[in-house]
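Here are my notes from a pass through the model you sent over. I've kept them as numbered points so you can check each one against the structure.

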Amino acid sequence: MKMVKRKYGFALGTSAVLLAGLVTGCSGNDNEGASPSASQTESAPASSSAAASGSASASAAPSQDLTPITYTINTSDDKLTWESPITKKLTEKTGVSLKYDLTVGDQFQKWDLWLASNDYPDIISLDPKYTQKYKDAGAIIPLNDLIDQYGPHIKEKFGKYYNLLKDKDGKIYALYNVNASQEASPDATGNFIIQQDVLKEAGYPQVKTLDQLYELIKAYKEKHPKVDGKDTIGFAAAMLSYTMNISFNNPIVSSNGWPDNGNFKVQDNGDVNYIPVTDDAKSYYKFLNKLYRDGLFDKEAFSLDSIQAKISQGRVLAAYAPGWFLGDSEKALRAAGKPGSTYAHLPIYANENVDDHSNAMTPTAGGGLSWTISAGAKNPERIIQFIDYLFSDEGQVLTQWGIESEDYTVQDGKRTVAEGLLAQRSSDPDVDYKRGFKSTGTGGMPWFGIGNGAKLADGDYATPLTKDSVVQTYDDTTKATLAAYGKQVWADFLPPVNFVPGYLWQLTPPESVKVQQQKIDDAWRKNLPKIVMSKSDDEFESSWTTMVGSIQKSGLDDMNKAYTQLWADFNATYESTIGG
Amino acid sequence: MNRARGNYAFNTFNYVLLALLGFATVFPFLNLLAISLNDTLDTMRGGIYFLPRKWTLLNYEIIFRENGLLMAGVRSVIRTVLGTTLGLFCTTLLAYALSRKEFFLRKQLNVVLVLTMYINGGLIPTYLLIRNLHLMNHFAVYILPLLISVYNVIIMRSYFEQLPDGITESAKIDGASDFQVLFRIVLQISLPVLSTIALFIAVGHWNSWFDNYLYASRNQNLSLLQYTLQKVLIQSANEIVSDNGHANVQAIRNNPESIRAAITMVVTLPILFVYPFLQKYFVKGITIGAMKE
Amino acid sequence: MADTAKSLVPSQTEAIRRKPRRKQSLGGLIASQHQLLIMSIPFVLIVILFSYVPLWGWIMAFQKYTLGKGILHSPFVGLDNFKLLFKDQQFYHVLRNTLVMGVLNLIVSFVGAIALALLLNEVRARFFKRTIQTITYIPHFVSWVVIANIVTQLLSPDGGTLNQILVQVGILNDPYYFMSNPKLFWVIHTIANLWKEVGWNTIIYLAILGGLNPEHYEAAEVDGASRWAKMRYISIPGLMPTAILLLIISVGWIIQSGYESQFLLGNAMTIDYSEVLDLYALRYSQQLGDYSYGVAISMFKSVVSVLMVLGVNYLARKTNQSRLF
């Protein structure tokens, strides 16, 4: 669940918001998205094996300067504090303290103003687009030499993917997570959701295709036209603001089994195409249109910015919704005594023949927020030493597992989360802040974590998230549904992990076509409701033609070309990196 | 007889119409009140109108748990009181000067001021200006840029201009200076407009959070109520799922409707009471005015 | 000093009555009107500081401004940004929407506020009057997010109250998707805006009505004037100078509509009618990092605003109404 969650979380953070959405929609939704990633062949580097297993010798440079020093860093997370056991320990080990510079509201605007006035924190947590802007302005420094000198663990953890950190000019400006995991996170899930009661009533059938899903919904709604006096909604979606991509782009990606490249489909020959005008998109919209014409599609999908309210009423039988998109609505259903109305999270395909490559992993978390070091920061080597400590095994254990005996216990060389901490977590939502597990701007995981399922040199997991810990969070209904399909977790429905060099959305969008892209997204947004709400096949066809025409006129070819080039350049870099 | 009936009909119509309007405008407020007192999860299920379904004070607790909320409230009050006092004083002086027909710069200054209502240099130059004036993270940034609202000046100026000429002129002939005329005569008969402008300025200061966000966010000791509550709202929207253990935490889009409602209550209630308090001045000016004329 | 001031008094009042300026030299004027200068100049300087000084930012409109380079090092591009703006079809579209909605809002809220003020003025029961006054101004403090939410729910085809009523009464057979009809957007937006702001806009008029001389009403009463007559010959003329003034001011703001309400009430289906200039500016400048384009739009708006105000002010002067300057 987690991996996919994060993935789309980022899509939300960049493409959806920047291209089509508006500040209002996303101000409350500051995703520090990043991609899941893994390196298939990462080996424990011999050179630093001495640093492993959390021994004292782990600190990178024995000569390290430990005099107290404080750096400022920006965050949008109000609850972060340096007054916690883990962060205090970090200061003890490195001498470094962080002071959070809070950006409430529109952080892009803040970043702009900082740059305009040359007034920014020492460590600036930026997305790739702003990293470029800051770099061009000379506001952040290249880190290559500093890492060479003070960052052995950074190099060790990135391993052969180290060069991926480099910008076009060969310099490194930003640091973020690397994913050393070999497997998909056990909390990953498929993104189509179906009410568990619907499956139960149908006798837990195999649901693989959209057609099967359609039949299932239709049959259930005929039997149960109302839920608590209100109309049952067969399939829900929401298109206002940033939800556009989640409801109307991403399902096309998932149901065709592609890796997620945002609004683009990467062809085998390397050509990149804008998804909403592809035939695959057309057939998905056809599916929605069929639902609409049969009264199964939510009547007001095109003026809603969330499906949570309707889901919380237990009226929505199915939808496309990554876990985070559901928010607390499943909790609300359980609280209302309707666990059967919560969802099964499954991958569903356009047809029987889809070969699913959507469960993809990339080696780094590039594309999300990352740490850059300002040109004004004093002693930047101290910052690198601090980051290097975080990348060390000792730092990983400290930041992901916490403090031994307080947050976790060790038995037979295996770490287990302490009972006390688990109990605290269920009663106090802020406990992770109070302990210091939270950080800002490093990608999908806090404190430069190296991925759920990744192992440290001591042979134990780098993070506490395992299949067992995921199962623990399920209620009985969920367990029953999973058992009926012979699975343990929702991740078991996913195909094997697929390793890809990166995602298109992780790359900085081409500057040359940004206006065209905005226009194209506008045209897509504007025309889509007519297509889905067509009353006949003819109307569907003509609305479709109108949209495609309008998108082509807005500069589709230019945009596709620019993205094709971007992707080709990236792959060339990747090849040369891995090769050399 | 006929007129009496007509009057009665009109009054009935008028009262009914106003009552309906009152209902229509109070509805969102009562609705918010109910939602703010309802369990957050339950609110997601919709259908709350005038009464909470699952009664709770938790939403308010969450708000009042926020560190420094009380101090932020105090600061907001100080800012509002100070800003309103100073603003009203300066607005009055400027409006009076511009209302004097004999003032030789009247026309020029009017044009200079009026244009500012329509031009805007943009965010970046303004930001840099505030920085260069060393107003960043300083309390004065709340007061100085908002000291004069040209809109208010013009309303007040227009009010002064409509006062009967005789009152001020006879005073002038008696040798009163402009300051004396303003404070001894004009202000005495201008309570309705003074209280209106005071309300406008006060509401502006109370509601303002953008200057806090832009210019004073690095100084915790300058955080105002609106800004602090904005943080609570964003935080609750970013509520973190921690039930799977910390390692898989994700920012999720929670539905903060109940918290938002409670926040609206907390920030609106204090300022709502300013108006009824000022309403009594809306009729006070006339008696004096009538006597003098 | 005090002596000169005193000796000036007679001639000064003379000046007020007759020819205000010609008789005195500049120095004399400054001396005689120093109090007025003290009352105005410092505050005008503050306004100039915060409103005119930042206007150097308009230079950006003629540049390809980037944050890193700043105003000093960004290259000049002449009128390119303006050309781009005036060539964009969408610009005319959003301009039309902005103007239409602006005018609708202006008229409806102008008439609505005055009507409400007059009606409230007729209420004798003080408690009722004050209660309604206070209640109607509440929505002004409720954010557009909440208001838009309420409107959307009210009009929802999926169990919205209005649809339920209309279906029940038999006016509609099936719930109607109001928010999907672009032609209804202007109506919905205008009503929502009226509802939110009418009470607030009334405050100033109530203050003016409160300030009117009660003797006039009493005299009219004695003459046997009807309620209508009093409204027509005393209340409305009393309101007019301020009302006209506010109207002139607002005409300049027609093009500066903001975007919050339109954005929150609008959706993809109504976008042809709901997108306004400020939203367009946000999406095509700030979000794309193209500040120059945004400044060009802002300059355009300022020029249009000022021209409109000057025009209306000129009309007001011609017809002897109150005016801005």
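1. Let's begin with chain A and how much of it is packed away. Of its 580 residues, 58% are buried. The chain holds 24 helices and 17 strands. If you take the contacts in chain A with a separation of 6 or more, 81% of them are between residues 24 or more positions apart.

2. Keep in mind that this is a predicted model, so a word on confidence in chain A. The average pLDDT is 83, and 88% of the residues score at least 70. Residues 1-62 of chain A are the part to treat with care: the pLDDT there is below 50, yet the stretch makes 189 contacts in the model beyond near neighbours in sequence.

3. Chain A comes in two pieces on the domain assignment. Domain 1 is made of 50-182 + 363-458, and domain 2 of 192-358 + 472-496. Taken over C-alpha atoms, the centres of domain 1 and domain 2 of chain A are 36 Å apart.

4. Next, have a look at helix H5 of chain A, residues 128-136. Which of its residues are buried? They are A:Pro128, A:Tyr130, A:Thr131, A:Lys133, A:Tyr134 and A:Lys135, so two lysines turn up in that list, A:Lys133 and A:Lys135. The cover over the buried residues of H5(A) includes helix H4 (107-117) and the strands S3 (123-126), S4 (174-175) and S14 (370-373) of chain A. After H5(A) comes A:Gly138, with a positive phi near 70°.

5. The hairpin of S15 and S16 in chain A is worth zooming in on. Strand S15 (residues 408-411) runs antiparallel to S16(A), and four bridges join the two. Across the pair, A:Val410 sits opposite A:Arg415. Two residues lie between the strands, and A:Asp412 in this hairpin has a positive phi near 50°.

6. Stay with S16(A), residues 414-417, and follow the side chains. Which ones point to the buried face? A:Arg415 and A:Val417 do, while A:Lys414 and A:Thr416 point to the other face and are not buried. The arginine on the buried face is the residue that A:Val410 stands opposite.

7. Just ahead of that hairpin there is a backbone angle to check. A:Ser405 is not a glycine, but its phi is positive, about 75°. Most residues other than glycine have a negative phi. A:Ser405 belongs to the loop between helix H17 (393-401) and S15 of chain A. Is A:Ser405 buried or exposed? It is exposed, because only 12 or fewer neighbours are allowed for that label and A:Ser405 has 10 other C-beta atoms within 10 Å.

8. Chain B has a similar case to look at. B:Asn137, again not a glycine, has a positive phi of about 55°. B:Asn137 is in the loop between helix H6 (123-132) and helix H7 (140-143) of chain B. With 14 other C-beta atoms within 10 Å, B:Asn137 counts as partly exposed.

9. On chain B as a whole: the secondary structure is 16 helices and zero strands. Buried residues account for 49% of the 293 residues. Among contacts between residues at least 6 apart in sequence, 69% join residues at least 24 apart.

10. One helix of chain B makes a handy geometry check. H14(B), residues 257-272, has 16 residues, so at 1.5 Å a residue it should span 22 Å; the end C-alpha atoms are 21 Å apart, which agrees. Buried residues in H14(B) include B:Glu257, B:Arg260, B:Ile263 and B:Val267.

11. Now for where chain B meets chain C. The contact takes 79 residues from chain B and 73 residues from chain C. On the chain B side, helix H1 (residues 2-36) gives the largest share, 15 residues. That side of chain B divides into 49 nonpolar, 21 polar and nine charged residues.

12. Last, a residue in chain C. C:Met101 lies in helix H6 (residues 89-121) of chain C and is buried, with 22 other C-beta atoms within 10 Å. Leaving aside neighbours within four places in sequence, C:Met101 is in contact with C:Trp186, C:His189, C:Ser257 and C:Val276. C:Trp228 is another matter: 127 residues along the chain from C:Met101, its C-alpha atom is 32 Å from that of C:Met101.

Definitions and conventions:
Residues are numbered from 1 along each chain as its sequence is written. Chains are lettered from A and ligands numbered from 1 in the order in which they are written. This is a predicted model: local features need pLDDT of at least 70, side-chain atom pairs count only at pLDDT 80 or more; totals for chains, interfaces and linings use all residues. A residue is buried if 20 or more other C-beta atoms lie within 10 Å of its own, exposed if 12 or fewer, and partly exposed in between; C-beta atoms are placed from the backbone. Two strands pair if DSSP finds at least two bridges between them. Two residues are in contact if their C-beta atoms, placed from the backbone, lie within 7 Å. Ala, Val, Leu, Ile, Met, Phe, Trp, Tyr, Cys and Pro count as nonpolar, Asp, Glu, Lys and Arg as charged, and the others, Gly among them, as polar. pLDDT is the predictor's confidence in each residue, from 0 to 100. The expected span of a helix is 1.5 Å times one less than its number of residues. Domain bounds come from an automatic or database domain assignment.
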